[in-house]
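Biologist: Please take a close look at one part of this model, the charged surface, and then follow the chain from there into the strands and the salt bridges. Plain description is enough.

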Amino acid sequence: GDKKAEPSKEVVQQQQFITEYLPLVSKDFYRSKEGECPCATYKDLYLRLRKWQVALKRLLSRSGLPRQLEALSRTLAESKGAQMEVPGQYMAVKEPSPDHHVKVERVLQDVEVVERCGAVHRRITVRGNDGKLYPFIVEATGASIGMGDERTLQLCQVMNRCMGKEKQARRRHLSLHVRPIIGLAPRCRLISDDAKSASLMSILASFLASIGQTPDAVAINYNAKAQQLAARNAPDPLMSAMNEIADLIPDTVLLDHIRAEAATNDKLWSFRKHFATQYACSILAAHALQVPAASPDRLLLSVRQGDVTLACATSSIGVDPSLSHMPGFVPFRMTRMLTTIISPIGLEGGFSAAIAAAAMALSNPTRQLKHHLYVLLREHLHAHGPSKPLAATPQQQAEHNKQIVQRATQFAGQVVERVSSLSPATSMTKAAEGGRGEELPPPLNYKVIELIRAAADTHQQMQMPPLWHPWA
């Protein structure tokens, strides 16, 4: 018979890795034959996970040098001057023009290993025939997460279209930063990347490494200190523990990192202004779609330009509708470092004005945002909502589809209402209906200011889990 093809070098390495580490992992996490559980508490589980994270990162750092593309894919390494277009050029609203698209001149030989959102991926770099470099992350992911990111990408494009038609939004150059996502296979895709992008967690970790600390160690110490103070019946244990962390980590870590990268003060000012408007648009979209407040590793920012990306942002609509109403949860991330780089004056000035202008653009009835939301939310509920019975009759299936349609319509209306509540046009309408009173009317963007104050409230931030890093 035919001989079986020999496994590739990578498959052999994966099998060796599983053979070597599976018994050690099982010993640390699975119950033994005597019935003893190695992880009696959540703290024990976290410490063991942290131990393996450090071990695997150390192993990865030894083999994390750029690999040669020729050793991974000879076909891709030898594809020079092909008529293949650089991926991600069909995302514009206008009609595509393939004749004017940038073609792939070659793929650079170095394949880097990068970390994004707690996962490690390979990054390839494409050189176009225009002389520019286009880096892409090769991500292997689950089907549900990939579809969720692509739906979010489509919605961002719709929102950018709405903001582009509004005068106040155009004046402020408001838009959501969109990273092209190109599907290659059901569980593999390319994501456009920026070599100069960094997460808030990586910036924090870089600072802590300079003083001999790690982010996880700071979180553990914060939690232990708060428990010790609570055991002594201290008046405000969380605030006391937070003050100790604040003495260790200044609120200018992010600003100092950006200042070191900016060549002049003019570029630093331009970065802070662009970052404020970008972040304002991002948190408005996240607030409308009930996306939980971003953790530091999911907040990506371009050190060069100030573009903001909320990576792995998944809406909680239809999954846990009560998430945004749970006590102690902040509407979005506005911690010490972000407040410092935007500045307190900028928060109630350009930042709040950008949120109000974007909300006014999205809540305009002529933009028909609700209809686009309905289509995307219907797909979202099909993926994350209640599953239909396995052996469903045609009547049961029709009833299930009817429920999905009703819930998608309801949730789309709720999203539009949340956006409209932040619009100055809504405040003007309510002020006109209220008539003239003796008291002075509140400012038109008072709802936005209340939302910002709720997000920047230190007491609310301290109710978040320690690994959310409320001091960052």
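Modeller: A patch here is built from residues that have over 30% relative accessible area and no salt bridge, with like charges joined within 9 Å. For such a patch, Lys and Arg count as positive, whereas His is not counted. The model is a predicted one. In it, K167, R170, R171 and R172 make up a positive patch on the surface. K167 belongs to helix α6, which covers residues 167-171. K167 is classed as exposed because its relative accessibility is 55%, and the cut-off for that class is over 50%.

The loop that runs from α6 to β6 contains H173. H173 is not a glycine, yet its phi is positive, near 55°. With a relative accessible area of 65%, H173 is therefore exposed as well. Q290 makes a useful contrast. Its phi is also positive, about 55°, and again the residue is not a glycine. Q290 sits in the loop between α11 (265-288) and β9 (299-302). Q290 counts as buried, however, because its relative accessibility is 12%, and buried means under 20%.

Beyond the H173 loop comes the strand β6, residues 181-185, which pairs with β7 in the antiparallel sense over 4 bridges. The link from β6 to β7 is a hairpin of 2 residues. One facing pair is A185 and C188, the latter in β7. Strand β7, residues 188-192, also pairs with β5, residues 133-140; that pairing is antiparallel too and has 5 bridges. Within it, F136 is opposite S192 of β7, and I137 has I191 of β7 as its bridge partner. Strand β5 in turn is joined to β4, residues 119-128, by 6 bridges, and these two strands run antiparallel. R127 is bridged to L133 of β5. The hairpin of β4 and β5 has 4 residues between the strands, and G131 in this hairpin has a positive phi near 90°.

The salt bridges come next. Their count is 13. Among them is the contact of D28 with R48, where the closest N and O atoms are 3.0 Å apart. This pair ties together distant parts of the chain, as D28 is in helix α1 and R48 in helix α2, 20 residues apart. D28 is buried because its relative accessibility is 8%. R48, at a relative accessible area of 25%, is therefore partly exposed.

Another salt bridge is formed by the side chains of R50 and D216, at 2.8 Å from N to O. Here too distant parts of the chain are linked: R50 is in helix α2 and D216 in helix α8 (residues 215-231), 166 residues apart. R50 has 21% relative accessibility, so R50 counts as partly exposed. D216 counts as buried, because its value is 15%. A further salt bridge is that of R74 and E78, with an N to O distance of 3.6 Å. E78 counts as exposed because its relative accessibility is 54%. Shared partners also connect salt bridges into one network made of E112, R116, R123 and D193.

Two items remain on the helices. Helix α2, residues 42-62, also holds S61. S61 has a relative accessible area of 52% and is therefore exposed. The C-alpha atom of S61 is separated by 9.5 Å from that of V113, although the two residues are 52 apart along the chain.

The other item is a second patch, this time a nonpolar one. F17, I18, L22 and L56 form it on the surface, and together they have about 360 Å² of accessible area. Helix α1, residues 9-29, gives the most to this patch, with 3 residues, and I18 is found in that helix.

Notes. Residues are numbered from 1 along each chain as its sequence is written. This is a predicted model: local features need pLDDT of at least 70, side-chain atom pairs count only at pLDDT 80 or more; totals for chains, interfaces and linings use all residues. Side-chain values use heavy atoms; hydrogens and water are left out. Patches are made of residues with over 30% relative accessible area and no salt bridge: like charges are joined within 9 Å, nonpolar side chains (Val, Leu, Ile, Met, Phe, Trp, Tyr) within 5 Å. Accessible areas come from the Shrake-Rupley method with a 1.4 Å probe; for residues, only the protein chains shown count as cover. A salt bridge is a side-chain nitrogen of Lys or Arg within 4 Å of a carboxyl oxygen of Asp or Glu. The place of a charge is taken as NZ of Lys, CZ of Arg, CG of Asp or CD of Glu. Buried means under 20% relative accessible area, exposed over 50%, partly exposed in between (1.4 Å probe, protein chains only). Two strands pair if DSSP finds at least two bridges between them.
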